[in-house]
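New to this one? Here's a quick briefing to read alongside the picture, grouped by topic so you can dip in wherever you like.

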Amino acid sequence: MQYKTYENTCDFESVKLKYAIENGDALEVLSGMESESISLIVTSPPYNIGKSYETKTSIESYLQAQENIIGELIRVLSPHGSICWEVGNFVDKGEIFPLDIFYYQIFKKHELQLRNRIVWRFGHGLHASNRFSGRYETILWFTKTKNYTFNLDAVRVPSKYPGKRHFKGPNKGKLSGNPLGKNPSDIWTTIQADWDSEIWDIPNVKSNHPEKTIHPCQFPVELVERCVLALTNEDDWVLDPFAGVGSTVLAALKNKRNGIGIEKKAEYCAIAAERVKALENGCLKTRPIGKKIHEPSTKDKVSSIPNLSNYQRETTRI
Ligand SMILES: C[S@@+](CC[C@H](N)C(=O)[O-])C[C@H]1O[C@@H](n2cnc3c(N)ncnc32)[C@H](O)[C@@H]1O
C-alpha cells in the first residue's frame, strides 16, 4: 500500500502523519494488509437497501459477503484493538431487519467481545406511514481481546452538577464527581442540552450539514472522532473498509492518528482525497465535536401549529 504524508502546519503544533485512500474492493485490499497492524476499525458497511453504490441481494448472500470481509478485518486488527460497526435496518417488503442483530452473531462466531451497543439518535429522516419513523442507528463496539485501549478521560462529558460535594461521611465537603467530567456510560450524551436523555445526539449528515458531499449516506466526522479518541492513542492506525468520502480517515488525521480508507467507487475516493487536503490546509468544514443542536424558538414560524383546514387542503393536493 502506498501511503501519503499528511502534514498539518495550520495548528500551533505541526503534525506529520500517514494516510491512504485505496480505490478497490475491501476484501482484495485487506488481503494485502499486514496482520495485527490496525488499532481501530470504524465503519458503516453497505446496508443492502439498494443505495446507488450497492446491488440489493438476499440478506443471506449479503451477510455471507460481509462475513468474508469481517474475517480479514479481524486478522488485520491488533490484539488490543477495537471494531465499531455502525448499522441501521435492512428493509424488505416493509419488514425491517435490524442489522446489528445479524452482525452480532458473526462477530461472536469470530470470538470478539461486545463492549457497548451505542445508540446514535438523529432528529430528522424519512417519515414512515406504516410504522413509526426510524430515528436511530446503532454502533456495536467490539474488542478483539480483554486487553484493549480505552481512554475514558478523552471522552468524558461535563457533569450536570460539577460543583456537587459529599454532604456527609468521610468525604464530606469533597467533590462527589470527577472534575474532568462524568463517564458517558454505555449510552453517550454529547450535547449539553441533552445530558439527561443520555443518548448520542449527533445530527445526521443531511443537506444542511456543513460536511455534506454527494455521498448518500455519509456519517458525521464528529461521530467517528468519539471512537478514535476513546479507543486509540496518538500515532495509531485507524481503518475504514467502506470509506465512502473518507469521514473516518478525516477523524483519525484530525486527532493525530494515521488513517486508511478503502472504497470501491473512484468518485468517492477523489472526494475523500480533496477533503483530506482541505483538512491539511485548515479549510475543511466539519461540525465541531459536541456543538449544540439547533432548536427553533417557539416564536419561529416552523414552531407554530398551522391552520388545520389549510393542511388538509395542501395534503389532498399531494
Ligand atoms: C454506508 S457507505 C459509507 C459512508 C462513509 N461512512 C462516509 O462517511 O462517507 C458504504 C460505502 O461502502 C462502499 N462499498 C460497498 N461495498 C464495498 C466493497 N466491497 N469494497 C469497498 N467499498 C465498498 C460504497 O461504495 C459506499 O461508499
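In this predicted model, H5 packs against helix H6 (residues 266–280) at an angle of about 20°, and their axes are 9 Å apart. Angles under 35 degrees count as roughly parallel, so H5 is roughly parallel to H6. The rest of the H5 story, plus another helix pair, the ligand and the confidence scores, follows below.

**H5 with H6**
- On the H5 side, the contact is made by Val-249, Leu-250, Leu-253 and Lys-254, while H6 brings Ala-272, Arg-275, Val-276 and Leu-279.
- Sort those contact residues by type and you get 6 nonpolar, no polar and 2 charged.
- As for handedness, H5 and H6 cross in a right-handed way.

**H5 with H4**
- H5 (residues 247–254) also packs with helix H4 (residues 221–231), this time at an angle of about 55°, with the axes 8 Å apart.
- That angle is neither under 35 degrees nor within 65 to 115, so H4 and H5 are oblique to each other.
- The crossing of H4 and H5 is right-handed.
- From H4, the residues involved are Val-221, Val-224, Glu-225 and Val-228.
- They meet Ser-247, Thr-248, Leu-250, Ala-251, Ala-252 and Lys-254 in H5.
- The mix for this contact of H4 with H5 is 6 nonpolar, 2 polar and 2 charged residues.
- Keep an eye on Leu-250 and Lys-254: they're listed in the contact with H4 and also in the contact with H6.

**H2 with H3**
- Elsewhere in the chain, helix H2 (residues 59–76) and helix H3 (residues 99–109) cross at roughly 40°, their axes coming within 11 Å.
- H2 and H3 are therefore oblique to each other.
- This crossing of H2 and H3 is right-handed.
- Leu-63, Glu-67 and Ile-70 of H2 touch Phe-102, Ile-106 and Phe-107 of H3.
- By type, the contact of H2 with H3 has 5 nonpolar residues, no polar ones and 1 charged.

**Around the ligand**
- There are 19 residues around the ligand, and Ala-26, Tyr-53, Phe-242, Gly-244 and Ser-247 come nearest.
- Ser-247 turns up twice, then: it's one of those nearest residues, and it's in the H5 part of the contact with H4.
- The whole shell around the ligand splits into 9 nonpolar, 5 polar and 5 charged residues.

**How far to trust it**
- The chain's average pLDDT is 84, and 80% of the residues score at least 70.
- Where does pLDDT stay under 50? That happens over residues 189–200, for which the model has 34 contacts beyond four places in sequence.
- Where pLDDT is low, the predicted coordinates shouldn't be read in detail.

Terms used:
Residues are numbered from 1 along each chain as its sequence is written. This is a predicted model: local features need pLDDT of at least 70, side-chain atom pairs count only at pLDDT 80 or more; totals for chains, interfaces and linings use all residues. pLDDT is the predictor's confidence in each residue, from 0 to 100. Two residues are in contact if their C-beta atoms, placed from the backbone, lie within 7 Å. Axes are lines fitted to C-alpha atoms, for helices over the stretch in contact, and angles run from 0 to 180 degrees between N-to-C directions. Helices (H or I, at least four residues) and strands (E, at least two) are DSSP runs, numbered from the N terminus. Angles under 35 degrees count as roughly parallel, over 145 as roughly antiparallel, 65 to 115 as roughly perpendicular and the rest as oblique. A crossing is left-handed if the near helix is turned anticlockwise from the far one by less than a right angle, and right-handed if clockwise. Ala, Val, Leu, Ile, Met, Phe, Trp, Tyr, Cys and Pro count as nonpolar, Asp, Glu, Lys and Arg as charged, and the others, Gly among them, as polar. A residue is near a molecule or strand if its C-beta atom, placed from the backbone, lies within 6 Å of it.
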